[in-house]
There are 2 protein chains.
Amino acid sequence: MSFWSLTSSNFIPNLVKKGEAVILFQIDKNSQVPVYRQIIQKIIHFIDEGILIAGNPLPATRILAAKLEVNRSTVYRAYQELISLGYIESEPGSYTRVRKRIQPVPLDTPRKSRIRWSQRSTDFGRALYRTYENFHPEYTTPESSKDVINLSQLDLDPRLFPVDDFRRCINQVFSLHGSPMLQYGSYPGYAPLRKTISLRLRMHGISIAPDEILITSGAQQAIDLILRLLIRKSDTVAVEMPTYANFIPLLRGHQAEIMGIPMLEEGMDLEYFQRSMKKRLPALLYTIPNFHNPTGITTSQEHREKLLTLCGIHGIPIVEDGFEEDMKYLGRVVLPIKSIDHNGVVIYLGTFSKVLFPGIRIGWIAADMECIRRLTAIKRFTDISTNQVVQIALDQFIRLGYYDLNIRRLHRIFRKRMQHALSAMETYMPAHVTWTKPLGGYTIWVHLHNSVDENRLKQRMLANGVLVSHGSYFFVNGRHRDAVRLSISRLNEEEIEVGIKRFSKVLTDL
Amino acid sequence: MSFWSLTSSNFIPNLVKKGEAVILFQIDKNSQVPVYRQIIQKIIHFIDEGILIAGNPLPATRILAAKLEVNRSTVYRAYQELISLGYIESEPGSYTRVRKRIQPVPLDTPRKSRIRWSQRSTDFGRALYRTYENFHPEYTTPESSKDVINLSQLDLDPRLFPVDDFRRCINQVFSLHGSPMLQYGSYPGYAPLRKTISLRLRMHGISIAPDEILITSGAQQAIDLILRLLIRKSDTVAVEMPTYANFIPLLRGHQAEIMGIPMLEEGMDLEYFQRSMKKRLPALLYTIPNFHNPTGITTSQEHREKLLTLCGIHGIPIVEDGFEEDMKYLGRVVLPIKSIDHNGVVIYLGTFSKVLFPGIRIGWIAADMECIRRLTAIKRFTDISTNQVVQIALDQFIRLGYYDLNIRRLHRIFRKRMQHALSAMETYMPAHVTWTKPLGGYTIWVHLHNSVDENRLKQRMLANGVLVSHGSYFFVNGRHRDAVRLSISRLNEEEIEVGIKRFSKVLTDL
């Protein structure tokens, strides 16, 4: 058992004698630090240093107060806080004692969780995790081989980013708006930006009010919000086959049944869709009518009308992904399905990721007001609102005309790049291979007419300094191995030609 | 039936004779516009103007080519594109005819959706929507009464935002990084920022590696991701009662059973929790140990240890919301539960919203690596990644020391403000009222010891020029009407005093 000796005037180093600690400490009554806090600090010091250990009793408040020549309530207050901090404990009718305290986890210790996260995981979490670990529809260029030409990634060429213009806009809006722009934004998104987007959508024939628009963190969040609103477990979702690779795992996560509609040259096979619909009515149809990802196909006006009529009759909401709407640079414009949607059936979504830059994470949904309000409710409780700083800067960027300039520039550049790509395909591709001829966007779909194993293909591609995306990622069952996607989004004409030449060699060698 | 007359040299206005249209048009072979496109444009013009109507036949390609003195393939190409655009249709063995085309929706027409969104909505969507429309735990100041003192909102005072410093950092990182910063960020978040956060967490006694951190769009998304990973329908979630208002609707959305643990002066009632646990083991426990929202209570070390031990034994993950961790400005620091979590039980979350500004939407989750990887998988497929521009700027802001300067400044300011608020409470509050004495953060919880109707209270408050939050929003059943939350986050000392004085008048008058 320990023994305490106290003085208020002198500091004497502590002595340990026959297992009994004689601890002495000084209180400085002239200090800025209040006396009760000095008491706390000393006792914590003794405990942290191991001078006092678990089980050691502390003197009664009355005794310590007398020894320190301070008010008893001062000591009482210090003890109360030490109890709160977990250093000491007091039981009625007994000594106040030093507690056995859980020690902080030492830095950089390897730990193992007691929770088995895999067992605890929801079906949603499990499905996405399973995919996450092995899902690479777009290959990144390996660090070791920087001269690899990447026709796999569908990101816009960063060399084309209007960085300085955007930076200028950020600076302008900081001056114009100041601190309010750093507050929470409104749930549906920055109102002037919604207005700007509604005006831009008019150029695509879409008549929509700012209140019918919800700003999202990119198109991916837009899709997720729509699924959260409309898809119950085991609901059927109709999608083009192939389709946007990142959509398939999300559908699996939501435990949707996937109705894959084969893509024909003109778009999804509407007769197939009609037949499938008779077996089971989908809760939603997802389509990319312009520069379809991955095939690059633009559907005709007639196809759009038929699809809209079909879905309208059966009350199937259409999610129209206009992710590259502004990238029409060849041939005549076909307007979005949303432009002829008299019945509020189409949920249209857009993004700035493929025509400006993806790092700002701004997309939007344009749909019937009631649908938008319900989607906004989900967004409000799941991430409150989208980054307002960037919304305001983007609005400025569009209003000042930088966005239009940027689009015109991209049109000039990609019209040439696509034409160059298509003529390089003519020149270099082996005879048995066929491909689509897109009117815009960045992707070309190549039918190899031979099944090709992904690993073997990737290995051969890396050996030849080129990468394209394996077709299987764009199909639900992953069994389609006779096609690949080429993306020209990151490359200039010279690189495209070399890449296609190399890829044709890969095909010839396989 | 219509009749076509064509010439390649002269333009003659169209004549309508006995229901038969005689349409004539000119092709300019010297024009920059290709001939096939001129044909398309003319025919579209005639259709859009109603000169040609649905059912009218077009001349055979052979005949039109002869009349225009152009190659037949040119006319064929034009017809093909007109078919794609939906203007004409052709059936085998019949005339090519003008199609009945769905007209674009006129601008600014009121529309009604054929889809009944309320019926189509998931339970998740329905629960959040129902709440969204009537959920205002924090009142905004009405436009009409700008002199209202708002003690309701828990946003940081925008007058204290370090706007210029942040803007400087954005400019610096634009110069340093250029266009790559505008690309997609990595799924778990910008690696240097995760490292910076891991170093900052060490100051709070938390030992965590950068790979054990996931950057999120604010704390709200962090919470939603955790629920998506761990909460199945009808799972029980234990929460302090009262708790963070925005968490309750989200739990309802996820269809969780809510186990409300009453808050005592020292934190949640652990004995009550232990008893409840015997009936049903929660899948998760959510706690705010520092400056609890709404009560302002900081739990003791001993309380934290007991809670951790309890949850550790039963394998209940603890979600520790450290949303104001850095706002400890009075009294001694009590370290987060995560600091003593030897068993990877605690999922810790933080945010910059309450100590810097919320408009950047940056929060994070720090937890066991496997948990983080599973959460990252969800984030990757639901919004890909968090805004990278802002992450890089924020990392610069912290590394250059602006963040620490900001925190120290906020401590000085809010130490005074909180002390001022507490002494104003002493001065003005009616005798029967009691309140908490927070050691940090922004909120004071006031027990009125009388049930007060929300509408009546709000009306009286607006009449007196003050707003506080009604207590019912922080409880699951909404029946607790004998408490209110005061937030001092947006106000200076003078405003706080006037606000409290006014509020005491409201209470006296009720």
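Analyst: Helices here are DSSP runs of H or I with at least four residues, and strands are runs of E with at least two, both numbered from the N terminus. The model is predicted, so local features need pLDDT of at least 70, side-chain atom pairs count only at pLDDT 80 or more, and totals for chains, interfaces and linings use all residues. Residues are numbered from 1 along each chain as its sequence is written, chains are lettered from A and ligands numbered from 1 in the order in which they are written, and side-chain values use heavy atoms, with hydrogens and water left out.

User: How many residues do chain A and chain B each put into the contact?

Analyst: Contact means heavy atoms within 4.5 Å. Chain A supplies 131 residues and chain B supplies 131 residues. Buried area is the accessible area (1.4 Å probe) lost when two parts are put together, summed over both. For chain A and chain B that is about 11200 Å², with 55% of it on carbon and sulfur atoms.

User: What polar pairing crosses between chain A and chain B?

Analyst: A polar contact is a pair of N or O atoms within 3.5 Å; within protein, one must be able to donate a hydrogen and the other to accept it, and residues adjacent in sequence count only if both atoms are side-chain atoms. The rule finds 62 such residue pairs across the interface of chain A and chain B, both residues being at pLDDT 80 or more. On the side of chain A that touches chain B, helix H12 (residues 369–382) of chain A gives the most, with ten residues. That side divides into 56 nonpolar, 41 polar and 34 charged residues. Nonpolar covers Ala, Val, Leu, Ile, Met, Phe, Trp, Tyr, Cys and Pro, charged covers Asp, Glu, Lys and Arg, and the others, Gly among them, are polar.

User: How many salt bridges are there between chain A and chain B?

Analyst: Side chains of opposite charge can pair when their charged atoms come close. The rule asks for a side-chain nitrogen of Lys or Arg within 4 Å of a carboxyl oxygen of Asp or Glu. Between chain A and chain B the count is six, and over all chains it comes to 46. Arg228(B) and Asp224(A) form a salt bridge at 2.8 Å, N to O. In chain A, Glu81(A) pairs with Arg37(A), the closest N and O atoms being 3.1 Å apart. That pair links distant parts of the chain, 44 residues apart: Glu81(A) is in helix H3 (residues 72–84) and Arg37(A) in helix H1 (residues 35–48) of chain A.

User: Which strand order does the open sheet of three strands in chain B have?

Analyst: Strands of a sheet pair through backbone hydrogen bonds, either parallel or antiparallel. Two strands count as paired if DSSP finds at least two bridges between them. The order is E4-E6-E5 (chain B), with antiparallel pairing. Strand E4 (57–58) and strand E5 (88–90) of chain B each have a single partner strand, so one side of each is left without a neighbour in the sheet. E5(B) and strand E6 (residues 96–98) of chain B pair over three bridges, and Glu89(B) stands opposite Arg97(B) in E6(B).

User: Where is Pro294(B) found?

Analyst: Pro294(B) is in the loop between strand E12 (284–287) and helix H11 (301–314) of chain B. The peptide bond joining Asn293(B) and Pro294(B) is cis, with omega about 10°. In chain A, the bond from Asn293(A) to Pro294(A) is cis with omega near 15°.
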